[in-house]
Structure formats: C-alpha cells, structure tokens
Amino acid sequence: MHETTLLLIEVGALLLGMSLLGRLSLRLGISPIPFYLILGLAFGNGGLLPLEASEEFFATGAEIGVILLLALLGLEYTAQELVDGLKSSRTAGVLDALLNALPGAAMALLLGWGPIAAVALAGVTWVSSSGVVAKLLRDLGRLSNRETPSVLAILVLEDLAMAFYLPVLSALVIGVSLLQGAIAVAIAVAVVLLILLVALRHGHVVSRLFPAEHAEPLLLGVLGLVMLVAGVAQEVNVSAAVGAFLVGIALSGRVAANASAVLTPLRDLFAAMFFVFFGLTTDSSAILSMMPAAAALALVTILTKLVSGSYAARRAGVGTLGQWRAGLVLAPRGEFSIVIAGLAVGAGVEPALAPLATAYVLITIVAGTFLARVPDAAWFRAAVRRRAAGPGIAARP
C-alpha cells in the first residue's frame with residue numbers, strides 16, 4: 001500500500017476513534033484526556049496494532065496543539081494581568097520548585113542512579129503540563145475563575161524556569177562547558193524579556209496588524225505570528241508554549257476576541273492529537289516494571305502540587321474551594337517531563353529513567369484529570385462548608 005494512502009487511513013481511523021471516545025466522555029461527564037491516552041497506547045509501541053505511517057503527522061500536530069492551547073489561554077488575559085500574577089506568585093513559584101523537584105531527586109538517589117540522574121528526575125517531577133492543565137481549565141469551564149490567574153502564573157514561572165534548567169541539564173549530561181550553558185541561558189532570558197516588553201508596551205500596535213472583522217486573514221495572521229514566535233523561542237531554549245502564551249497576551253480588544261473564536265476549532269483538533277501522540281510514543285510493555293516506583297512518586301508529588309498550588313491561590317485571596325481547584329488541576333505532568341527524560345537517557349545517564357518518567361506522566365495525567373473535578377462535586381463542597389462553619393455550628397440540628 002502506498003505510504004500516503006496508509007497515512008490517510010491511519011489518521012482517519014484515529015480521528016474517528018477520537019470522536020467516538022469524545023462522545024463517550026461527554027456521556028460520562030468526564031474529560032476525554034484519559035480516553036485519548038488509552039487510544040494512543042492501544043496503537044502505539046507495544047500496543048495491539050502499532051501504527052507507523054501517521055506517527056510523524058501526529059508528532060507535528062502535537063507540537064501545534066500545545067502551542068495553540070497556550071496561545072488561546074494568553075488571549076484571555078492582558079500583559080499587565082500576567083505581570084501582576086507573576087509578581088504575586090514569586091514566592092509560590094519557589095515553593096513549587098522545592099516541593100516538587102526534591103521528591104524526584106530523592107527517588108533517583110534511592111534507586112542508586114547517581115546525582116546527574118537526580119537532577120534530571122527532579123525536573124521530571126517539578127513541571128506541570130501546560131497543555132494538559134490548559135485543556136482541563138477549558139473543559140471544566142474555569143478560565144474566568146478567580147484562581148485561574150494563580151494557576152497560569154505557576155505554569156508560566158515553571159516554563160520560564162526551564163529556560164535556565166534545560167541548558168544546565170544539557171551541560172551536565174552532555175558535557176557542555178559552563179560558559180556555553182551560561183550564554184544559552186542569557187540568550188533565552190533576553191528573548192523572553194523582549195517578547196514580554198513588546199506585549200506590555202506595544203501590544204496595541206501588534207493588534208493593529210490584523211483585521212478583526214475578517215476571519216480568514218485574521219486566522220492566518222495570528223496563527224502565523226504565534227507559530228513564528230514559538231519557533232524562535234524554542235530555538236533559543238525557551239519553551240515554545242511560553243512564546244505562544246506571550247503572543248496571546250499581546251493581542252487585545254476585538255482582535256483577541258475574534259482570534260479566539262476562529263482558532264478554537266484548530267486548538268480542539270491539535271490539542272486532542274497531543275494526547276493521542278503521547279500514547280502512541282509510549283511503549284506500554286516497558287513501563288510495567290517501573291509502575292510501583294512511578295505510582296509512589298506520583299502520590300507524593302500530587303500532594304506537593306496541591307500544597308504549592310493552593311498556597312499560590314491563597315496568597316491571591318482566593319477562597320478554600322478555589323485553593324483546592326488550583327492545587328489539584330496542577331497535578332498532571334507532561335511534555336517537559338518527557339523531554340527532560342529523553343535528554344538524559346539520550347546522553348546515557350540512566351536507561352530506566354525513560355520508562356519511569358513515562359509511567360509517572362501517565363499516572364499523573366489520568367489521576368489529575370479526575371482529581372481536578374473533585375472540588376466541583378456536591379459532597380466535597382458540603383464538606384468544605386462544614387469545615388468552614390466549625391464543629392459547633394456543624395453539629396446543630
């Protein structure tokens with residue numbers, strides 16, 4: 001069979017399967033993310049029927065999906081709101097790094113993998129998945145919630161921290177000189193500051209580049225700018241997601257509102273591809289041996305994310321339910337965790353790091369998808385109200 005024909009068949013079958021699973025998730029009232037992951041696992045490495053022709057197609061679609069998720073999140077906020085959120089969340093960002101990186105480092109040392117593997121696994125457990133969290137916020141209708149800016153501030157701080165972390169990790173595992181690592185960090189920081197400065201000072205000028213009332217040129221222009229900036233950011237070791245997010249906040253007014261409307265269908269398509277691709281590239285047979293260690297690590301770091309996320313929301317003046325929502329929605333890890341593990345394993349640090357990271361990410365995504373809904377449950381709300389009222393009041397008839 002011709003390769004293009006096989007590609008069309010595989011992509012068509014997967015998209016149809018995603019549609020059916022999405023409909024099932026609507027019936028069940030849950031996020032479709034776990035179903036997309038399971039679909040990818042079923043047809044990925046070690047699955048029932050591995051697919052090869054469509055893997056590169058879904059890899060590109062996955063990259064675009066994360067970029068669009070963060071770009072549309074950026075369209076919901078202004079540059080000033082982002083800066084205010086970052087300022088108020090600095091302490092929470094430090095707490096988030098310490099609480100979530102240390103368990104990964106400790107696990108690597110307990111397994112006898114050595115200090116470099118400890119630095120790598122610390123990064124795996126530290127950073128939440130921007131793509132998964134963004135989709136959860138949208139699926140659960142929380143984009144306008146009071147705790148959401150605190151969640152976004154944590155995500156942006158983590159992604160910005162990767163501009164420092166990844167060059168340092170590269171220097172450790174590949175043997176790059178400290179000078180080269182320092183230069184890479186300096187360039188990354190300069191690019192982020194430049195994009196943020198343009199968003200703050202000249203966002204209105206950027207918005208004028210696009211015709212707000214004409215869907216086709218608006219779609220092409222905004223999508224082109226988002227992907228261009230994301231690519232430039234990634235080239236200098238900054239997260240492409242951060243670049244896309246900053247482009248989103250640079251746009252304002254009717255341009256932002258109309259761009260969000262025309263980009264939403266594309267985001268839905270490519271975001272779903274991201275989760276399926278993650279399953280496709282996961283060898284289900286290789287992760288079984290590391291499942292106990294991954295489950296223990298996931299349990300600890302879901303709790304530490306709950307602490308750091310709720311702390312950030314509390315500092316922003318958010319109520320108890322909002323603090324729970326902020327902490328639990330940050331539980332999933334994803335794209336950065338896999339990138340970090342791949343970088344370390346590719347340099348020959350510790351082969352078992354890859355299956356551990358994969359199992360860990362799968363557990364946190366699946367568990368986090370369900371845990372994020374818990375604060376919306378009637379029984380949970382009632383429990384929070386009873387605790388806030390106090391034992392004396394709760395005991396009244």
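This report walks through a predicted model, from its confidence to a helix, a core and a pocket.

Residues are counted from 1 along each chain as its sequence is written. Because the model is predicted, local features need pLDDT of at least 70 and side-chain atom pairs count only at pLDDT 80 or more, while totals for chains, interfaces and linings use all residues, and side-chain values use heavy atoms, without hydrogens and water.

The chain has a mean pLDDT of 82 (the predictor's confidence in each residue, from 0 to 100), and 88% of its residues reach 70 or more.

Let's start with helix α6 (helices are DSSP runs of H or I, at least four residues, numbered from the N terminus). Nine of its twelve residues are buried (under 20% relative accessible area, 1.4 Å probe, protein chains only), so α6 is largely enclosed by the rest of the structure. Among the buried ones are Leu121, Val124 and Trp126.

Leu121 also appears in the largest nonpolar core (buried Ala, Val, Leu, Ile, Met, Phe, Trp, Tyr and Cys residues joined through side-chain atoms within 4.5 Å). This core has 118 residues, and Phe58 and Leu121 have the most contacts inside it. Helix α12 gives the most to the core, with 14 residues. Leaving out residues up to four places away in sequence, Phe58 touches (heavy atoms within 4.5 Å) partners including Met273, Val276, Phe277 and Leu280.

Finally, here are the elements that give two or more residues to the lining of the second largest pocket.

| Helix | Residues |
|---|---|
| α9 | 178-207 |
| α10 | 215-235 |
| α11 | 240-250 |

The largest share of that lining, six residues, comes from α9.

Note on methods: Buried < 20%, exposed > 50% of the residue type's maximum accessible area, 1.4 Å probe, protein only.
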